[in-house]
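Q: Please take a close look at a single part of this model, the protein surface that faces one of the nucleic acid strands. A connected account of its composition and its polar contacts would be welcome.

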Number of protein chains: 4
Amino acid sequence: MPDHEDKLVGEFPFVPKQERAQQKRNALIQSGNALFNSKGYEQTTAKEIAAHAGVATGTFYRYFSDKRQLLMSLIEDKLENYLPPEPSWVSSDPEFLLASLLEAHYNRLNELGLHRVLPELLSKDSELAEVLGTARKKIHARIHYGLTQASEKGLTWTDLDLDTVSWAIMVLVENGQEKERQSGKKVDFREIAKVICRMVFPPAVLEHLRNSENDTTE
Amino acid sequence: MPDHEDKLVGEFPFVPKQERAQQKRNALIQSGNALFNSKGYEQTTAKEIAAHAGVATGTFYRYFSDKRQLLMSLIEDKLENYLPPEPSWVSSDPEFLLASLLEAHYNRLNELGLHRVLPELLSKDSELAEVLGTARKKIHARIHYGLTQASEKGLTWTDLDLDTVSWAIMVLVENGQEKERQSGKKVDFREIAKVICRMVFPPAVLEHLRNSENDTTE
Amino acid sequence: MPDHEDKLVGEFPFVPKQERAQQKRNALIQSGNALFNSKGYEQTTAKEIAAHAGVATGTFYRYFSDKRQLLMSLIEDKLENYLPPEPSWVSSDPEFLLASLLEAHYNRLNELGLHRVLPELLSKDSELAEVLGTARKKIHARIHYGLTQASEKGLTWTDLDLDTVSWAIMVLVENGQEKERQSGKKVDFREIAKVICRMVFPPAVLEHLRNSENDTTE
Amino acid sequence: MPDHEDKLVGEFPFVPKQERAQQKRNALIQSGNALFNSKGYEQTTAKEIAAHAGVATGTFYRYFSDKRQLLMSLIEDKLENYLPPEPSWVSSDPEFLLASLLEAHYNRLNELGLHRVLPELLSKDSELAEVLGTARKKIHARIHYGLTQASEKGLTWTDLDLDTVSWAIMVLVENGQEKERQSGKKVDFREIAKVICRMVFPPAVLEHLRNSENDTTE
DNA sequence: TATGAATGAGAGTTCATTCAT
DNA sequence: AATGAATGAACTCTCATTCAT
């Protein structure tokens, strides 16, 4: 992360403009993220973001057409974080596996921390809603895919509505934060995982999977 | 609480101050509710609320010190709506019972519709957070109580963490709205109920309960 | 000043309406006076005045067209307080006489206490300015008259500009309050009187007057 | 304080931020001064001040947290104007000397013209009251000092209360404005000076001073 | 007449965005 | 490109005054 400016002969804006620009842009995005998370979107001013990023107010508008656009960029930049890892159900204790997957995903969401920012915006900003909806659909799809795999292997309840279950899993993870904030207690992923496993797998299968614990997981 | 105004003769300007004032106050609360729901809390101005309620801006401030206080009143006024009915698990198909309970509760929440209003506020307004936290704790307690009943009758999984399950149920219901808005699809309470029942009851118990389907529900 | 309405057959609102009205009007004026003095004119609201007087807001406007008019009434009602007593210079120690006159006048002004209310208003309200200007002119005239008497008896400096001296006396008394408020010290009328006497009377005359102290003072 | 912008070559945007900002700030202070004087403090809005200064409303708030703070700045900026010059009594006609000193001081106060602004504020704004009280104390102290000099040289009445006389002088000058505004007549400083001289100097001393009129004045 | 709820213009203030430097 | 001062629309809230009861 050094500045690359300590050249020999010097010269002026040696570092390609692009790069410096990217740096500023990133700084702004980071600052936006930090401030939106800590104070909320409406409560954060463009000036603050600029100041936090160490640039002038006007510079903000060189990189983003407005505050909203910064938020969009923020979301898009970090979108991949929304994607949970794909589980492979076979070959390990599914509860344990799930618990760690959930925790990992939960932590990424937490870091991103847009929960408290988004709900209010979604209703007035349909483009944003769409961007975010897309992200959630991707998550949903990935969970759904994992379940399908399990289902095709005959591991799940036969009458399982994969859609509903995927959604339930997604919702439970997303809301862990809220639980944590409000109750003070840490989220117990082991328990959540247990509960989810019972939604998905019949007891016999669970038993079987747990016993065929052969190799590594992560 | 009848209107007392439908007099035959008389026509005294009856119940004048109190009642009219209540009407205005209610109109404002309703308008606040409607606008907060459709535009979000931050995006709604006191002026708009007043206009929507058909009163002048200043009138708003006769009844509420500010927008925030109206929101608080709104929540307190409707708090009981947050409380789900208490289920009695025995003596009917638990899935069916649960599905209808969930739907009823969901509809009340929906009507209240504060979901999109609250998240942004909770982090900056600790008093509000507390009010709402209390409400949620009550919901949680009621669900928890229903589960305890079932548990004590030996109906549930023996290793069930009632706390986690209560929370999961609460979260799933609360988030139905979001699902509906984003996916367009109606929430399928039957499926959710099925999933929850599997979290709570071992298959054998479920089977048994379903077969002992004799009489009344509530 | 009886109201002439106390008819024989009379009836309920036994106390003649006029009188009740006068009472309210007076109550409002008193309240206005008290509040203007303690909070300033702009900082006092019509509602407060009404509340303080124990009547409804609307009632205020039955008696006064607006807040300003109440102030005018207030001033006119109490205008005579502005008039200082007329001194008779001969026949007593003039310093002592003056000191007591000044103190008496000062106390009346003090009680009226409009100092802090008026200056700001004078510039925007020419009618009020006129009302008050008139009052001050009367005071000035009375002081001037007292001095003329003295002058005609050959007691004063021969080259005395009575106008200037009258004004100076008026100003010094009026500003005593301010001095008191700001310095904390009580105004020493004896000293002021001494100073004024020197403005007005040559030392020889003063000496003479002081010695011819024959009869009563106050 | 020349503008530095009239460069021959160069044309660097010289002294850009500081100076322009100072200009705006000054413009606002001037406008505040002008408007407070002509309309009174309460009657002047921040918006008006900004408009009068030719800037936008928001700009006002860049330089001053609010109207009150502008007033404070105004007072502090001009505080030295409150200080009257120190007289040296000996060696010239004291009446003449005093008249010109009074007039000079009067004119400065007049220019500052806060008289009509302050009284209403002093009672509710103790910080402001203090700022202004300090200023008045300085004036008082300076007059007092001048008198002490004279007193120590044995020029004054021996029983003179310097404190009271200083205050009287201060008050008379400060109130000249009011007199002028209300009576329409110009203040006659010659007469006031005469009156004050009689408060301070015994006739014999006055006579003597007037005759020893030899050389320089101040 | 008396009441006090209702009104709405307008004051004070903020902040997203523009623009001269 | 970068800066940060300037802009002004829009928001919150107050209060003199009106008006239905």
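A: The account below turns to the surroundings of DNA strand E and then to chain A. The model is a predicted one. In it, 31 residues surround DNA strand E, and the closest are B:Ala56, B:Thr59, B:Arg62, B:Tyr63 and C:Arg62. By residue class, this surface divides into eleven nonpolar, eleven polar and nine charged residues.

Helix 3 (57–63) recurs in the surface: in chain A, chain B, chain C and chain D, this helix supplies at least two residues. Helix 1 (16–39) of chain B also supplies at least two. The most comes from helix 3 of chain C, which gives five residues.

On the side of the nucleic acid, 67% of the atoms of DNA strand E within 4 Å of the protein belong to sugar or phosphate, and the rest to bases. Both kinds of partner appear among the polar contacts. A phosphate oxygen of the strand lies 2.9 Å from an N or O atom in the side chain of D:Tyr61, and a polar side-chain atom of A:Lys67 lies 3.4 Å from a phosphate oxygen. With C:Gly58, by contrast, the partner is a base nitrogen, located 2.9 Å from a backbone N or O atom of that residue.

As for chain A as a whole, its secondary structure consists of ten helices and zero strands. Of its 218 residues, 49% are buried. Among its contacts with a separation of 6 or more, 71% join residues 24 or more positions apart. Chain A exposes about 10900 Å², of which carbon and sulfur atoms supply 52%.

Terms used
Residues are numbered from 1 along each chain as its sequence is written. Chains are lettered from A and ligands numbered from 1 in the order in which they are written. This is a predicted model: local features need pLDDT of at least 70, side-chain atom pairs count only at pLDDT 80 or more; totals for chains, interfaces and linings use all residues. Side-chain values use heavy atoms; hydrogens and water are left out. A residue is near a molecule or strand if one of its heavy atoms lies within 4 Å of it. A polar contact is a pair of N or O atoms within 3.5 Å; within protein, one must be able to donate a hydrogen and the other to accept it, and residues adjacent in sequence count only if both atoms are side-chain atoms. Helices (H or I, at least four residues) and strands (E, at least two) are DSSP runs, numbered from the N terminus. Ala, Val, Leu, Ile, Met, Phe, Trp, Tyr, Cys and Pro count as nonpolar, Asp, Glu, Lys and Arg as charged, and the others, Gly among them, as polar. Buried means under 20% relative accessible area, exposed over 50%, partly exposed in between (1.4 Å probe, protein chains only). Contact means heavy atoms within 4.5 Å. Accessible areas come from the Shrake-Rupley method with a 1.4 Å probe; for residues, only the protein chains shown count as cover.
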